[in-house]
Amino acid sequence: MHRRLLVVLVPLAVLLVAALGVPLSITVAEREMQETYVNRLNDVGRFASLAETALATGRTEALQQELTRYHELYGIPVALVDTSGNVLLGPADAYREAARTEPTLPRIVTAALAGARSEPSWEWAPWDDSALVVAEPVGRDSEVVGAVVTISDLSKTRETILVRWARLAGLGLLPLIALAAVAWPVSAWVLRPVRKLDAATSRISEGDLTIRADAEAGPIELRRLAASFNTMMDAVENAAQRQRAFVSDASHQLRNPLTSLRLAVESLAPHLRPEGNGRQVYDVAVDELKAMQRMLNSLQASARMESLRTASPVDLDEVLATRVDRWRALTATAGQTLAVDVPPGLRLLEPPGGLGSILDELISNALRLSGAQAVEVTARVVPADVGEGNRNSSATGGVVTVAVRDDGQGIDVSERAQALRRFWRSPRHQNVSGTGLGLAICADLVGAAGGELRLEEGLPRPDGSGHGFAAVVALPVVPQVASSSGAPTPSPV
């Protein structure tokens, strides 16, 4: 934003300086050309007066010497031509050589022989190489007997114009440099609270509600904005804390009466006849009480995990080492197979509550809900330029994706977005134990670490009818830096 502000201010200043400098530069050039034209006009006027007297008396030697001397001093060919355009006096060779490159010479000489003076030349541009041709008639009205013509090289005049333009450009750069020198720190001072506010909102969007904006720096308007933002975040944090406290307290307070109710219902079991309808009602009541207990446990776990918002680096090898054996035992008990394909040395940002608990939930879903025969856990590193859609991949150098795939029945594409909502359950799993909170909580925790939980197609089904289900956890890579001993060590996060 700092650079964008300067990109707006500096071009505007350049346009302002150009709007003032360009007309001034044109005026300077035109004045210099006008001065040169007036000097030549005075010279040819004087020579025309002398030529009229010399032609009338027949004494042309003095005029010839003066024309030659003028050419030697100033390098400007000057000649007296008759009504036919022939050179009568002056350096004829220099005049003819200069006349070959001037297409306007015949027109100006013809006008002078007709009694008209030369008009000023407006060819002042430095890139133009034309000469200044000035002619003055000798005689008056119908008694014109010739014309005095000068052909002036304007290279020195144009060099003078360029020098003056350079000075004007230098003077114009001074305010631009001053503006840039002042605009950089001033815009930085104005935008520093905006950058801090942007960083705070980014942290808050990742789930850290304790972040506050700096309300002590910057202009008064931004300080008021930061103060209002902090007041709003205090209200949001208090509301979130009260909500979590309410859920936790309500779950805890309901647990004891629910447990008492379950014991009371279960105590009725010896008094029921196996073949009666009461046994069926009893079984339904016990199942509902168990489901309510699981719901309360999940709500309490959700409130407890949501209060944890600190992500930390972790080695994926260490997480898997404490859980793979248990996963294999669970899959073996269920008559399923588990394959783990994870390269060593992966280090990533662990979500609040631990990556292991998230993987436990995903494995549990694969075992309970999919009806799969095979479960596969894989991991790979996706570079930052590939992206994987993760918002923090470019900032961390990439992401690590940990995928739990199965070859079970899966879920429809239209249901995948709903599966990450709380309390949502697939119609096919209404009779399977669960609360509909597992995936939603996992998605929230992964998002709090700057990652993403995606649902995709899993392994091909054994019967060839399609693909199973896959839950993919994408978390930022924690880069390793070399220590002084040469061994890689994790960089600080």
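**Figure 1. Helix α4 and the elements that cover its buried residues.** In this predicted model, the cover over the buried residues of α4 includes β1 (78–82), α3 (92–99), β3 and β4. Helix α4 spans residues 105–113, and its buried residues are Leu-105, Ile-108, Val-109, Ala-112 and Leu-113. Viewed down the axis of α4, these buried residues fall within an arc of 135 degrees, so they line one face of the helix. An α-helix has 3.6 residues a turn, so residues three or four places apart point the same way. On the other side of α4, Pro-106, Arg-107 and Thr-110 are exposed. After α4 comes Gly-115, whose phi is positive, near 95 degrees.

**Figure 2. Strand β3 and its partner, strand β4.** Strand β3 covers residues 132–138, and seven of its seven residues are buried, so the strand is largely enclosed by the rest of the structure. Leu-132, Val-134, Glu-136 and Val-138 point one way from β3, while Val-133, Ala-135 and Pro-137 point the other way, and all are buried. Seven bridges join β3 to strand β4 (residues 146–152), and the two strands run antiparallel. Within this pairing, Val-138 stands opposite Gly-146 in β4.

**Figure 3. The surroundings of Ile-151.** Ile-151 is found in strand β4, and with a relative accessible area of 4% this residue is buried, because buried means under 20%. When residues up to four places away in sequence are not counted, Ile-151 touches Ile-76, Pro-77, Tyr-95, Ala-98, Ala-99, Glu-102, Leu-105, Ala-131, Leu-132 and Val-133. One of these, Leu-105, is also among the buried residues of helix α4, and another, Leu-132, points one way from β3 while Val-133 points the other way. Ile-151 and Pro-77 are 74 residues apart along the chain, yet their C-alpha atoms are separated by 5.7 Å.

**Figure 4. The aromatic cluster of Phe-47, Tyr-70 and Tyr-74.** A search of the whole structure finds two aromatic pairs. In one of them, the ring centres of Phe-47 and Tyr-70 are 5.2 Å apart and the ring planes stand at 85 degrees, so the pair is edge-to-face. Phe-47 lies in helix α1 (residues 2–57) and Tyr-70 in helix α2 (residues 61–74), so this pair ties together parts that are 23 residues apart in sequence. Phe-47 is buried, and Tyr-70 is buried as well. Tyr-70 also pairs with Tyr-74, with 4.9 Å from centre to centre and 55 degrees between the planes, and this pair is tilted. Tyr-70 and Tyr-74 are separated by about one helical turn, because they are four residues apart in helix α2. The two tyrosines contrast in their surroundings, since Tyr-70 is buried at a relative accessible area of 7%, whereas Tyr-74, at 55% relative accessibility, counts as exposed. Together, Phe-47, Tyr-70 and Tyr-74 form one aromatic cluster.

**Figure 5. The largest nonpolar core and another core apart from it.** The largest nonpolar core has 38 residues, and those with the most contacts inside it are Leu-316, Trp-327, Leu-359 and Leu-362. At least two residues of this core are supplied by each of α8 (316–321), α9 (324–333), α10 (355–369), β8 (374–383), β9 (398–406), α13 (438–448), β10 (452–460) and β11 (467–476). Leu-316 touches Val-342, Leu-346, Leu-348, Leu-355, Ala-379 and Val-402, not counting residues up to four places away in sequence. Apart from the largest core lies another, of 22 residues, among them Tyr-70, Val-78, Leu-89 and Leu-154.

**Figure 6. Ala-443 in helix α13.** Ala-443 is found in helix α13, one of the elements that each supply at least two residues of the largest core. Not counting residues up to four places away in sequence, Ala-443 touches Leu-420 and Leu-453. Ala-443 and Arg-454 are 11 residues apart in sequence, and the distance between them in space is 8.4 Å, C-alpha to C-alpha.

**Figure 7. The whole chain, as context for the close-up views.** The secondary structure of the chain comes to 13 helices and 13 strands. Of its 493 residues, 40% count as buried. Among contacts in the chain between residues at least 6 apart in sequence, 65% join residues at least 24 apart. The chain exposes about 27,400 Å², and carbon and sulfur atoms supply 57% of this area.

Terms used: Residues are numbered from 1 along each chain as its sequence is written. This is a predicted model: local features need pLDDT of at least 70, side-chain atom pairs count only at pLDDT 80 or more; totals for chains, interfaces and linings use all residues. Side-chain values use heavy atoms; hydrogens and water are left out. Rings of Phe, Tyr and Trp (its six-membered ring) pair if their centres lie within 6.5 Å; planes under 30 degrees apart count as stacked, over 60 as edge-to-face and the rest as tilted. Buried means under 20% relative accessible area, exposed over 50%, partly exposed in between (1.4 Å probe, protein chains only). Contact means heavy atoms within 4.5 Å. Accessible areas come from the Shrake-Rupley method with a 1.4 Å probe; for residues, only the protein chains shown count as cover. Two strands pair if DSSP finds at least two bridges between them. The arc is that of the directions from the helix axis to the C-beta atoms. A nonpolar core is a set of buried Ala, Val, Leu, Ile, Met, Phe, Trp, Tyr and Cys residues joined through side-chain atoms within 4.5 Å.
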